[in-house]
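Subject: Structure handover

Hello,

Here is the structure I promised to pass on. My notes follow below it.

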There are 2 protein chains.
Amino acid sequence: MKAAALLGGPKANWPQNLKEKLASYDLKFGVDRGSLLLSELGIKPDVAVGDFDSLRSAELAQIEKVVSDIRYSNPIKDFTDTELMLRAALLDYNVSSLAIYGFSGGRIDHFLSNMLMLLDKQVSTWASKVKLIDRQNLITYLLPGKNTLQPLREYQYFAVYCLTKTKKLSIKGARYDLQDYSTEKPRIFASNEFKNNSPCQISFKQGQVMIIYSKDIDRYLNA
Amino acid sequence: MKAAALLGGPKANWPQNLKEKLASYDLKFGVDRGSLLLSELGIKPDVAVGDFDSLRSAELAQIEKVVSDIRYSNPIKDFTDTELMLRAALLDYNVSSLAIYGFSGGRIDHFLSNMLMLLDKQVSTWASKVKLIDRQNLITYLLPGKNTLQPLREYQYFAVYCLTKTKKLSIKGARYDLQDYSTEKPRIFASNEFKNNSPCQISFKQGQVMIIYSKDIDRYLNA
């Protein structure tokens, strides 16, 4: 079962045709204001998670009328709303993959929290099931060992981001290769490219590594 | 001498009244497409840095006509364009502070590169002179030791982001305090608030800590 979640980030950062993209998933999660945004797109959230404190009472009532699984979070809490959604999706609904939209372009503390949540020990084993997608970027996570990275037609670049202490990171078969790189601090290798549109190999012994596929946007559309 | 720099991120993420804000600085740096964006705002860049490969030749010619200090970067390089600008500002121009705009809302690998550049040993000693400002966020860096964090009227929240291994982080006098927290991995404490609009104390023994002031934006403006 493939799932998608919509968070409350600004629409300006959504990918193109988000409504059509969302319609193709088996299960839709709304996170806080994302539940309302789904409804506004004409998509019924299957699950809504949040404290909903940014919604007007009539808007919340509307969500409560149509959504069968609502999970109210406590504003002062151990888990963020997005973490609660992630746990619901992966533990309770046992989804095979989860695409997260609406995560960028707004509060940077929210973005960084969401980026780091997959460092959590329990959650990190699921990391390879999760993607974050916005207008210019697609983020995935890799587990230690050997990984094959596939080119994605829409994106010209990829970056390799060592979130934590990382041992023996190698990139093979890309435009810029790397051999047995280790670091104590976070480090990013940005603007790499696939060679001849072929997959490349990314391996590391220890650490948590995020891949950011990205593209430039024509500046005349970029207002 | 107070300086500002404009990077090439989307205008949708600029703070309000950026033109008026920029006009108040003594020295303006344009980074790559940011040089063109400054010109379009009617502001002459004092310094332009970049490979300018996203500009049309007529646009670059216009920049070259009006800007007296242009620094051409090599697309395959050790330093990113933003790092070159940072070095020019802090080493060559010896600015007392540097406000960076246009850093968010576009490619996430660019954002993360810019966020991490202040981890560099040489650069990190300057980190407290640098601010990154967009529509909803203001980012500053702290050095180890005792720091007083001032409330800023425009922002309701602040987050404390441990970029690296951090020892004995304490927050005192805020809504959510913290005592002697240590971590091996990056960690963020988001959505904290000032108490009675009073400063709070943030101290740590070792590590690199970023502060993100942030605010929510009314969702009806948030399209």
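Cys200(B) is buried, at 0% relative accessibility. This is a predicted model, and in it Cys200(B) belongs to no disulfide. The nearest cysteine sulfur is that of Cys162(B), 14 Å away. Chain A gives a matching entry: the sulfur of Cys162(A) has its closest cysteine sulfur in Cys200(A), at 14 Å, which is too far for a bond. A disulfide needs the two sulfur atoms within 2.5 Å. Cys162(A) is buried too, with a relative accessible area of 0%. Searching the whole structure gives 0 disulfides over all chains.

Next, how the two chains sit together. Chain A superposes on chain B after a rotation of 180°, with 0.0 Å of shift along the axis and an RMSD of 0.0 Å. The two copies are therefore related as by a two-fold rotation axis. Which C-alpha of chain A is nearest the axis? That of Gly105(A), 2.4 Å from it. As for the interface, 100% of its residues in chain A are also interface residues in chain B, so the copies meet through the same surface.

Asn13(A) is worth a look here. Its place is the loop between β1 (2–6) and α1 (18–23) of chain A. Asn13(A) is buried, with a relative accessible area of 5%. Its side chain reaches across to chain B, where the backbone oxygen of Gly105(B) is 3.3 Å away. Leaving aside residues up to four places away in sequence, Asn13(A) touches Ser104(A), Gly105(A), Asp134(A) and Arg135(A) in its own chain. From chain B, Asn13(A) touches Asn13(B) and Gly105(B).

Now the sheets. Strands of a sheet pair through backbone hydrogen bonds, either parallel or antiparallel.

In chain A, 10 strands make up an open sheet with mixed pairing. The order is β4-β3-β2-β1-β5-β6-β7-β14-β9-β12. Its edge strands are β4 (69–72) and β12 (187–192), each pairing on one side only. From one strand to the next, the twist averages 20°. At the β12(A) end, β9 (residues 157–162) of chain A pairs with β12(A) in the antiparallel sense, over 4 bridges. Within that pair, Val160(A) has Phe189(A) as its bridge partner.

In chain B, 4 strands form an open antiparallel sheet, in the order β8-β13-β10-β11. β8 (145–149) and β11 (178–183) of chain B stand at the edges. Each has a single partner strand, so one side of each is left without a neighbour in the sheet. The twist again averages 20° from one strand to the next. β10 (residues 166–172) of chain B pairs with β11(B) in the antiparallel sense over 3 bridges. Thr166(B) stands opposite Thr183(B) in β11(B).

Last, two backbone angles in chain B. Asn17(B) has a phi near 55°, a positive value in a residue other than glycine. Asn17(B) lies in the loop between β1 (2–6) and α1 (18–23) of chain B. Is Asn17(B) buried or exposed? Asn17(B) counts as exposed, at 53% relative accessibility. Ser191(B) also has a positive phi, near 55°. Ser191(B) is placed in strand β12 (residues 187–192) of chain B. At 26% relative accessibility, Ser191(B) counts as partly exposed.

Best wishes

Definitions and conventions. Residues are numbered from 1 along each chain as its sequence is written. Chains are lettered from A and ligands numbered from 1 in the order in which they are written. This is a predicted model: local features need pLDDT of at least 70, side-chain atom pairs count only at pLDDT 80 or more; totals for chains, interfaces and linings use all residues. Side-chain values use heavy atoms; hydrogens and water are left out. Copies are superposed by least squares on the C-alpha atoms of residues with pLDDT of at least 70 in both. Contact means heavy atoms within 4.5 Å. Helices (H or I, at least four residues) and strands (E, at least two) are DSSP runs, numbered from the N terminus. Buried means under 20% relative accessible area, exposed over 50%, partly exposed in between (1.4 Å probe, protein chains only). A polar contact is a pair of N or O atoms within 3.5 Å; within protein, one must be able to donate a hydrogen and the other to accept it, and residues adjacent in sequence count only if both atoms are side-chain atoms. Two strands pair if DSSP finds at least two bridges between them. Axes are lines fitted to C-alpha atoms, for helices over the stretch in contact, and angles run from 0 to 180 degrees between N-to-C directions.
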